[in-house]
Amino acid sequence: MPEDLNWAIGGEAGDGIDSTGKIFAQALSRAGRHVFTSKDFASRIRGGYTAYKIRTSVDRVESVVDSLDVLIALTERTIHENTDELHEGSVIIYDGERTTMQDVEIPEGMVGLDVPLKSLAEDAGGAIMRNVVALGAACEVAEFPIENLDESLEKRFSDKGQAIVENNKKAARLGQEYVAEEFADTDFDYSLETTDNDYVLLNGDEAIGMGAIAAGCRFYAGYPITPATDVMEYLTGRLESFGGKVVQAEDELAAINLALGAARAGARSMTATSGPGIDLMTETFGLVATSETPMVICDVMRSGPSTGMPTKQEQGDLNQMLYGGHGEIPRFVVAPTTVAECFWKTVEAFNYAEKYQTPVFLVADLALAVTEQTFPPETFDMDEVEIDRGKVVDEDHIDGWQNEQGQFQPHFPAADGVSPRAFPGVEGGAHMTTGLEHDALGRRTEDTEVRVEQVDKRQRKVETAREEEEWDYREFGDPDSDNLVLSWGSNEGAMREALEFLDESGTDVRFISVPYLFPRPDLSEEIEAADEVIVVECNATGQFADVVEHDALTRVKRVNKYDGVRFKADELAEAIEEKLAAPAEAHT
Amino acid sequence: MSSDVRFTDFKSDKQPTWCPGCGDFGTMNGMMKALATTGNDPDNTFVVAGIGCSGKIGTYMHSYALHGVHGRALPVGMGVKLANPNLEVMVAGGDGDGYSIGAGHFIHAVRRNVDMSYIVMDNRIYGLTKGQASPTSREDFETSTSPEGPKQPPVNPLALALAAGGTFIAQSFSSDSQRHTEIVKKAIEHDGFGFVNVYSPCVTFNDVDTYDYFRDTIVDLSETDHDPTDYDDAKSAILDADKEYQGVIYQDEGSVPWDEREGLTDSMADIPDGAPEGAMDLVREFY
């Protein structure tokens with residue numbers, strides 16, 4: 001019996017799809033099963049097709065696949081939207097009593113379970129619980145112990161009172177019993193085993209927020225924007241309980257400037273936004289860099305340009321991250337490749353920011369941000385978190401950084417490019433900071449020598465960081481293979497599973513996933529050792545491929561996807577095989 | 001904080017490049033005097049400025065300071081104050097910086113009522129870009145970009161502040177040094193957002209709103225029966241388009257600053273060497 005299950009609930013936005021999916025995902029996670037979720041959603045509050053998909057297995061799952069075993073269809077459209085993913089024996093749970101669902105045609109070879117979701121929910125205490133009835137029905141189909149669902153329902157509804165919790169439990173059982181009785185003769189092909197494993201379930205945005213708190217971030221200012229808003233929602237309340245403050249600013253311009261002020265006052269400070277917000281922040285980004293203010297700026301990428309497709313996946317902002325802003329701006333660009341890395345790379349980002357006194361772009365993509373994944377809790381072992389605040393100067397040491405007139409030199413052109421920092425309030429440290437070119441004291445200058453000295457000083461930080469830090473990468477597949485695949489961001493998960501498909505068809509691949517985009521690991525040797533190099537990314541032009549070509553002075557093949565949907569393991573494997581078979585690409 | 005701070009301690013050794021006679025000299029001197037007499041010193045003071053002639057102020061003063069981008073000084077100031085409420089935060093700007101490009105932030109800074117002061121050097125013209133109309137320029141004021149006048153009524157910053165829920169709204173005249181200093185001092189001492197619009201004449205590009213004009217027309221509210229704690233009094237003064245007033249126009253005595261309401265009292269600069277105590281609970285929330 002298959003142990004893995006691909007499950008989905010779909011309907012209209014406003015139908016409670018998200019919370020229902022989350023309840024089931026948590027139930028699976030609590031039962032010690034691995035979970036990987038994905039969402040199809042539209043940029044509207046009510047109406048429009050939306051779906052929540054779960055892949056679950058006793059083994060780790062890293063991506064989505066084009067397959068659905070059980071589908072809860074709250075609308076007829078849900079079936080049409082997912083027809084391609086349904087297969088022989090797929091189970092579709094729907095409510096045939098619903099006016100719009102009465103003439104539903106279940107595709108041939110699939111099992112339609114007509115369950116009176118609404119009536120059963122009313123029996124349990126209210127029509128609103130029809131989704132929970134469906135969850136109960138799904139538990140029966142998948143032979144998943146319904147007790148696990150109870151805990152999730154408690155968590156979701158406990159603040160609404162015990163009566164509501166009990167009604168929901170009853171609703172789930174009515175759904176389960178209905179399927180058990182009415183479809184007793186139907187042989188469902190699933191049996192979801194539970195384990196004693198402990199898992200937590202979270203998405204990339206939440207991991208970034210948690211990483212920020214772990215890293216000692218105390219100040220966050222942001223403006224709501226999909227798909228970065230979850231970071232702010234996560235931090236709200238939680239940051240305050242750790243002595244910090246979340247400010248919802250009037251716009252992104254205010255957000256980054258609030259964060260800048262807090263950072264100047266000595267707080268670890270952060271803002272998060274998505275592409276359009278990054279555009280608005282770009283002017284101040286230059287000021288942050290030239291005033292040498294440590295700050296983490298998180299960009300959760302969505303489809304662009306302009307407002308593009310706010311709820312769809314893309315990795316189109318790399319060039320903006322690497323080159324955005326007028327003039328030449330030293331910056332770090334760190335891009336986690338998994339949900340767990342969203343946590344750890346956020347911690348690192350704060351350390352880089354303060355150690356080198358630069359803005360650090362923390363780049364995630366929508367697929368990473370909204371994907372929930374299970375992890376053993378020790379993945380986020382807080383004892384492993386290290387904080388490095390860099391060169392902070394107190395009263396006792398300030399004189400070492402003053403000039404002969406006793407003035408503090410916040411932009412002293414130190415050999416490593418990193419100058420001392422004195423937080424406001426430190427006696428003898430009063431100083432000016434400005435976006436104008438300045439001297440060591442922070443005062444405006446147009447002196448040619450000082451200009452060159454300060455530009456060189458700021459750039460030297462990057463050289464120092466290149467030497468001092470380990471800009472490593474993650475490697476999978478066959479290390480001796482002549483076929484090298486490179487990717488960044490959320491593609492890692494799909495690519496890891498694609499390796500299994502490729503292996504089955506006899507194609508060996510060495511896969512490198514790169515989490516540091518600037519400074520970044522030198523991959524020249526790895527590229528030279530390979531016969532074929534393919535760069536996989538969710539954009540049309542191959543922005544990372546361009547960078548790889550530039551660094552290694554070679555041509556690479558490209559697999560690009562920019563339809564708004566993340567890579568799926570099976571389609572990725574197919575695309576890579578095609579590329580390997582294709583002749584070398586002309587440079588366009 | 002030391003008690004023997006003099007206002008000259010807030011002066012840097014840089015000579016201002018403002019035009020001789022510029023109103024900003026008087027505005028700045030008043031700010032420095034007010035800071036010194038309210039018990040502040042350069043090491044606990046943070047001055048933020050935007051772009052324009054007013055933006056140069058951080059260079060001429062001595063304190064912790066940031067000279068930012070155009071129109072965004074207020075959010076920076078709020079960030080500083082929220083992250084360390086023990087600091088004295090003063091934001092300086094011009095009429096272009098504050099009422100044009102930064103108008104949105106102005107409204108929100110006023111309504112947030114963070115405990116800081118905001119001093120606007122209002123010369124009713126763009127000086128540093130050599131004489132274009134500003135949001136407070138008169139409707140018929142002829143400039144290089146408005147040869148027949150802007151043909152739009154000027155912004156009334158005091159009315160904006162009142163409408164946005166301002167808790168301290170004042171106006172001063174930079175050449176009336178004593179009054180100006182007193183008013184800025186009251187803005188600093190106010191529990192909340194102390195907003196002062198300062199008539200700070202531009203002697204080079206504005207030949208209408210001159211020192212003589214203000215001297216002749218300004219009405220000192222302390223010499224009238226104006227009650228700054230009376231909202232209706234404040235409203236009539238602010239909406240009186242025919243008069244130029246100086247003094248505290250409105251002060252809400254019940255004002256509680258946002259940082260205080262949020263319970264912010266400590267500097268956020270101190271953090272532990274590792275993850276904060278109890279951080280593992282954050283992970284357990286995801287069970």
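Colleague: At the start of α7(A), what makes the approach of a side-chain oxygen of A:Asn203 to the backbone nitrogen of A:Asp205 a polar contact?

Modeller: In this predicted model, the oxygen of A:Asn203 comes to within 3.1 Å of that nitrogen. The cut-off for a pair of N or O atoms is 3.5 Å, so the pair counts as a polar contact.

Colleague: And why is helix α7 of chain A called mostly covered?

Modeller: The helix spans residues 204-214, and 11 of its 11 residues are buried. Buried means under 20% relative accessible area, and that label applies to A:Asp205 and A:Glu206 as well as to A:Ile208, A:Met210 and A:Ile213, among others. After the helix comes A:Gly216, with a positive phi near 85 degrees.

Colleague: Now the cavities: how do you know what kind of residues line the largest one?

Modeller: Its lining has 16 residues, and those nearest the centre are A:Arg264, A:Glu292, A:Arg421, A:Ala422 and A:His431. Sorted by type, the lining gives 7 nonpolar, 6 polar and 3 charged residues. Arg and Glu count as charged and Ala as nonpolar, so A:Arg264, A:Glu292 and A:Arg421 are charged while A:Ala422 is nonpolar. The volume of this cavity is about 120 Å³, and the whole structure holds 5 cavities of 30 Å³ or more.

Colleague: Lastly, what makes you say that chains B and A are in contact?

Modeller: Contact means heavy atoms within 4.5 Å, and 53 residues of chain B are in contact with 67 residues of chain A. The two chains bury about 4900 Å² between them, 64% of it on carbon and sulfur atoms. On the chain B side, B:Tyr64, B:Phe286 and B:Tyr287 lose the most area to chain A, together 17% of what that side buries.

Technical notes. Residues are numbered from 1 along each chain as its sequence is written. Chains are lettered from A and ligands numbered from 1 in the order in which they are written. This is a predicted model: local features need pLDDT of at least 70, side-chain atom pairs count only at pLDDT 80 or more; totals for chains, interfaces and linings use all residues. Side-chain values use heavy atoms; hydrogens and water are left out. Buried means under 20% relative accessible area, exposed over 50%, partly exposed in between (1.4 Å probe, protein chains only). Helices (H or I, at least four residues) and strands (E, at least two) are DSSP runs, numbered from the N terminus. A polar contact is a pair of N or O atoms within 3.5 Å; within protein, one must be able to donate a hydrogen and the other to accept it, and residues adjacent in sequence count only if both atoms are side-chain atoms. On a 1 Å grid over the protein atoms alone, a cavity is a set of points where a 1.4 Å probe fits but cannot get out, and a pocket is an open set with protein on both sides within 12 Å along at least five of seven lines; lining residues have an atom within 4 Å of a point. Grid points are joined across faces, edges and corners, and a volume is the space filled by probe spheres set on the points. Buried area is the accessible area (1.4 Å probe) that two parts lose on being put together, summed over both.
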